[in-house]
Amino acid sequence: MAVTAHLRNRGVETLIAGKPMEFWKRMPPGMHLKSSYSSITISDPERRYTQQRYAAASGRPAEEPVPLAFLLGYAEWFQRHNTPDILALYARHVASDGAGYRVTLEDGQEIKTSKVVIATGVAHFARYPDYTRGLPPELVTHVQDHADFSPWSGKRVAVIGSGESALESAALLHEAGAEVEIIARGPVIWIDRRLANERTRRIFYPPSDVGPAGVAWLVHYPGFFRLLPESARVRIDQRCVRASGAPWLRPRVDGVVRVTERTEIQRAEQRGDRLWLTLSDGATRELDHLFLGTGYAPDVGKLTFLDERLHQRIASNNGYTVLNEWFESSVPGLFFTGAIAGYNFGPICRFIAGTGATARQISHRVAMS
Ligand SMILES: Cc1cc2nc3c(=O)[nH]c(=O)nc-3n(C[C@H](O)[C@H](O)[C@H](O)COP(=O)(O)OP(=O)(O)OC[C@H]3O[C@@H](n4cnc5c(N)ncnc54)[C@H](O)[C@@H]3O)c2cc1C
């Protein structure tokens with residue numbers, strides 16, 4: 001939506017297809033954002049559609065943690081004003097035909113265009129550990145598949161992972177009446193935001209607020225981040241998106257939900273309608289369901305709607321697309337946004353806060369060509 005708003009502002013005729021806010025609408029309604037209020041601005045060229053303007057226009061309070069309902073209301077308002085004409089259809093096939101691109105939508109209509117921006121988020125990249133291979137969805141699912149945990153009331157379940165979505169899913173499962181255990185490879189880390197107080201917040205954290213104090217400034221400017229040596233980019237990226245929980249979530253998990261840290265799953269097997277886990281400490285668990293809070297691993301190879309020949313021409317590194325300063329891939333006219341742009345532009349691309357830089361760069365490039 002942000003890229004389209006910027007393109008149209010520059011007079012570029014733009015068609016936008018996809019299901020608006022689909023990923024967020026599938027999340028549990030009681031969820032809250034890890035991001036701070038200042039960092040959820042969906043970028044528009046004249047900053048007329050900020051979350052602050054939405055809060056004023058709608059009479060909704062500006063609160064932290066930000067409720068999912070606030071973001072959905074804000075995005076719907078943004079969409080109504082900037083991209084009311086989204087075609088709520090998936091692209092089934094994107095191919096290059098030499099002169100440009102041919103995009104086939106799920107209803108069969110074909111669009112010819114000279115430029116394509118792939119902004120399909122992370123849903124395609126859900127991470128499934130090897131031990132889950134062959135297990136049925138009745139026993140193992142990714143947390144992204146659930147908006148409602150009430151069916152697991154009274155059931156014995158485990159959540160794998162220690163990132164925000166794993167920890168919040170565990171809290172929601174517990175609150176829905178499930179007997180929950182979090183099993184994590186590493187320690188459970190709670191974010192310490194002592195420097196985010198009224199007095200020092202603006203010094204240590206830019207409005208984008210991605211990453212720890214100070215480091216957040218390095219990632220605030222993705223154009224600058226891109227110029228850092230690869231080893232520094234990788235280190236900073238890993239530090240900024242390491243698995244951790246927001247401070248406001250802690251009282252709902254710490255001492256409330258059973259946590260088994262520094263433990264891996266070695267085997268998972270179906271026995272009747274239950275799942276048996278063998279852990280790295282030799283212990284076993286018998287469960288009704290296993291929830292994967294294992295996050296997302298961006299991998300351009302998983303974007304199966306891209307034509308095979310196109311795939312072969314897209315340069316990538318460890319699954320991430322390799323992009324120039326305009327977010328353009330090695331195939332001229334084919335742009336990528338979001339987490340998949342993280343190799344060059346860093347962790348800010350994974351968040352709403354990255355929409356500004358991304359939309360400005362892409363719209364500038366497209367308008368100039
Ligand atoms: C549990 C969780 C919590 C998060 N919390 C935060 C947070 O607090 N703050 C934050 O800034 N970010 C958060 N994120 C990251 C968040 O996903 C991104 O910030 C944001 O959604 C990126 O927007 P996007 O438009 O790139 O992708 P998405 O919002 O995922 O949108 C992708 C769009 O692409 C469409 N699409 C997919 N495939 C096709 C296709 N083949 N053809 C056409 N359209 C297609 C979808 O319908 C959808 O409209 C969170 C992510 C997760 C998983």
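Strand β6, helix α5 (residues 164-175) and strand β7 come together here as a right-handed β-α-β unit. Bear in mind that this is a predicted model. Two spots get a closer look below: strand β6 with its partners, and His-32 with the residues it touches.

**Strand β6 and its cover**
- β6 spans residues 156-160, and it's mostly covered.
- Of its 5 residues, 4 are buried.

**β6 alongside β7**
- β7 takes in residues 179-183 and runs parallel to β6, with 5 bridges joining the two.
- To find your place in this pairing, look for Val-157, which sits opposite Val-180 of β7.
- Helix α5 joins these two strands in making up the right-handed β-α-β unit.

**β6 alongside β12**
- β6 also pairs with β12 (residues 289-292), again in parallel, through 4 bridges.
- Here the residue to look for is Val-159, which faces Phe-291 in β12.

**His-32 in its loop**
- You'll find His-32 in the loop that links α2 (22-25) and α3 (51-58).
- Is His-32 buried or exposed? His-32 counts as buried, because it has 20 C-beta neighbours inside 10 Å, and the cut-off for buried is 20 or more.

**What His-32 meets**
- Leaving aside residues up to four places away in sequence, His-32 touches Pro-65, Val-66, Pro-67 and Leu-68.
- Take Pro-65, one of those contacts: it is 33 residues from His-32 along the chain, yet their C-alpha atoms are separated by 6.0 Å.

Technical notes
Residues are numbered from 1 along each chain as its sequence is written. This is a predicted model: local features need pLDDT of at least 70, side-chain atom pairs count only at pLDDT 80 or more; totals for chains, interfaces and linings use all residues. A residue is buried if 20 or more other C-beta atoms lie within 10 Å of its own, exposed if 12 or fewer, and partly exposed in between; C-beta atoms are placed from the backbone. Two strands pair if DSSP finds at least two bridges between them. A crossover is right-handed if, with the strands pointing away from the viewer, the path from the first strand over the helix to the second runs clockwise. Two residues are in contact if their C-beta atoms, placed from the backbone, lie within 7 Å.
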